Amino acid sequence: MSPARPRVSRKTLLSTALGLGLAAGLVAAPAAAAAPASVAAPTRVTAAYSGQEDQAQNQAFLDAVMKSVATKRAAAPDSTAAVTVVYSTANAPSFRTQIARSTQIWNSSVTNVRLQEGSNADFSYYEGNSSRGSYASTDGHGNGYIFLDYRQNQQYNSTRVTAHETGHVLGLPDHYSGPCSELMSGGGPGTSCQNANPNAAERSRVNTLWRNGLAAIPSAS
């Protein structure tokens, strides 16, 4: 889940944050749906709950978000409504409660994008064991998923882990050096951190990225 960033223009901001691809049909289940952690190809970019911040990784995630949101915009070019991002919990049954809480947290924190469980999902949650812990993964082409690791979710506040990884879907980068009050600091503050809510700056950033719903997203080139 992290980085300290220089002042940038809005256009640059839209290409330097972090997130998971959201386009319709983006549910990029790994080749072996039961074990996404073990099949992530070397070309995939992942953002783990605990790790080392990577600017290139942050770039790749936001690129995937913007590309797939642009696809949504193309389907409703005149819409100014909040973008609805649909997710599936079919492959993470043990974490449905945490995912529901994470969804409630984000939906009550931002206004320009809304998370909703349903069919024909834009992204999926998976669960299992991974030496990398929990992470968000994308191939940089609008395909991705969130993986929730059993052991890590026992060590850390599980709702925080889920909300953090979902933050990548919404375009936020990792910032491991941040305080516990910063959701995207991830595992940086340690296992004692119980905060599962984005702070004011994180809420504002998501709303800025998704401002005026689909109408604010640049057209795909």
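Hi everyone, let's start with one residue, T97, which sits in helix 4. With a relative accessible area of 46%, T97 is partly exposed. Its C-alpha lies 8.5 Å from that of T159, though 62 residues separate T97 and T159 in sequence. We'll meet T159 again in a few minutes.

Before going further, please keep in mind that this is a predicted model. How confident is the predictor? The average pLDDT over the chain is 76, and 70% of the residues reach at least 70. Helix 4, residues 96–109, where we just were, has the highest confidence in the chain, with a mean of 98. At the other end of the scale is helix 1, residues 10–13, where the mean is 32 and confidence is lowest. Residues 1–43 have a pLDDT below 50, and in the model that stretch makes 147 contacts beyond near neighbours in sequence. Where pLDDT is low, the predicted coordinates should not be read in detail. I'll spend the rest of my time elsewhere.

Now the overall picture. The chain has 7 helices and 6 strands. Walking along the sequence, you pass through them in the order α-α-β-α-β-α-β-β-β-β-α-α-α. Of its 221 residues, 55% count as buried. The chain exposes about 9200 Å², and carbon and sulfur atoms supply 49% of that area.

Back to helix 4 for a second residue, N107, which is also found there. Is N107 buried or exposed? Its relative accessibility is 19%, so N107 counts as buried. Setting aside neighbours within four places in sequence, N107 is in contact with V113, R114 and L115. One detail to look for on the screen: the N107 side chain reaches the backbone nitrogen of L115 at 2.9 Å.

L115 belongs to a stretch worth following. Strand 3 covers 113–117, and between strand 3 and strand 4 comes a loop that holds N120. G118 has its place in that loop too. G118 counts as partly exposed, because its relative accessibility is 32%. Not counting residues up to four places away in sequence, G118 touches V86 and Y87. From G118 to V85 the C-alpha distance is 9.5 Å, with their positions 33 residues apart in sequence. N120 is exposed, at a relative accessible area of 64%. Its backbone is worth a look as well: the phi of N120 is near 50°, a positive value in a residue other than glycine.

After the loop we reach strand 4, residues 123–128, which pairs with strand 6 in the parallel sense over 5 bridges. If you want one pair to find in the viewer, take S124, whose bridge partner in strand 6 is Y145.

So what surrounds strand 6? Strand 6 runs over residues 144–149, and 6 of its 6 residues are buried, so it is largely enclosed by the rest of the structure. Here is how its side chains are arranged: G144, I146 and L148 point one way, while Y145, F147 and D149 point the other way, and all are buried.

Next along my tour is helix 6, and here T159 comes back. N157 caps the N-terminal end of helix 6, with a side-chain oxygen 3.0 Å from the backbone nitrogen of T159. Why can we call helix 6 largely enclosed by the rest of the structure? Because 12 of its 12 residues are buried. Among them are polar or charged-looking names you may want to pick out, including R160, H164, E165 and H168. Helix 6 also passes a simple length check: at 1.5 Å a residue, the 12 residues from 158–169 should span 16 Å, and the end C-alpha atoms are 17 Å apart, which agrees. Just after helix 6, G171 takes a positive phi of about 105°.

Last stop, helix 7, residues 200–209. Its buried residues are E202, R205, V206, N207, T208 and L209. This helix has a cap at its N-terminal end too: a side-chain oxygen of N199 lies 3.2 Å from the backbone nitrogen of A201.

To finish, one thing to take away: strand 6 is paired with strand 4, and strand 6 is largely enclosed by the rest of the structure. Thanks for listening!

Key: Residues are numbered from 1 along each chain as its sequence is written. This is a predicted model: local features need pLDDT of at least 70, side-chain atom pairs count only at pLDDT 80 or more; totals for chains, interfaces and linings use all residues. Side-chain values use heavy atoms; hydrogens and water are left out. pLDDT is the predictor's confidence in each residue, from 0 to 100. Helices (H or I, at least four residues) and strands (E, at least two) are DSSP runs, numbered from the N terminus. Contact means heavy atoms within 4.5 Å. Buried means under 20% relative accessible area, exposed over 50%, partly exposed in between (1.4 Å probe, protein chains only). Two strands pair if DSSP finds at least two bridges between them. A polar contact is a pair of N or O atoms within 3.5 Å; within protein, one must be able to donate a hydrogen and the other to accept it, and residues adjacent in sequence count only if both atoms are side-chain atoms. Accessible areas come from the Shrake-Rupley method with a 1.4 Å probe; for residues, only the protein chains shown count as cover. The expected span of a helix is 1.5 Å times one less than its number of residues.
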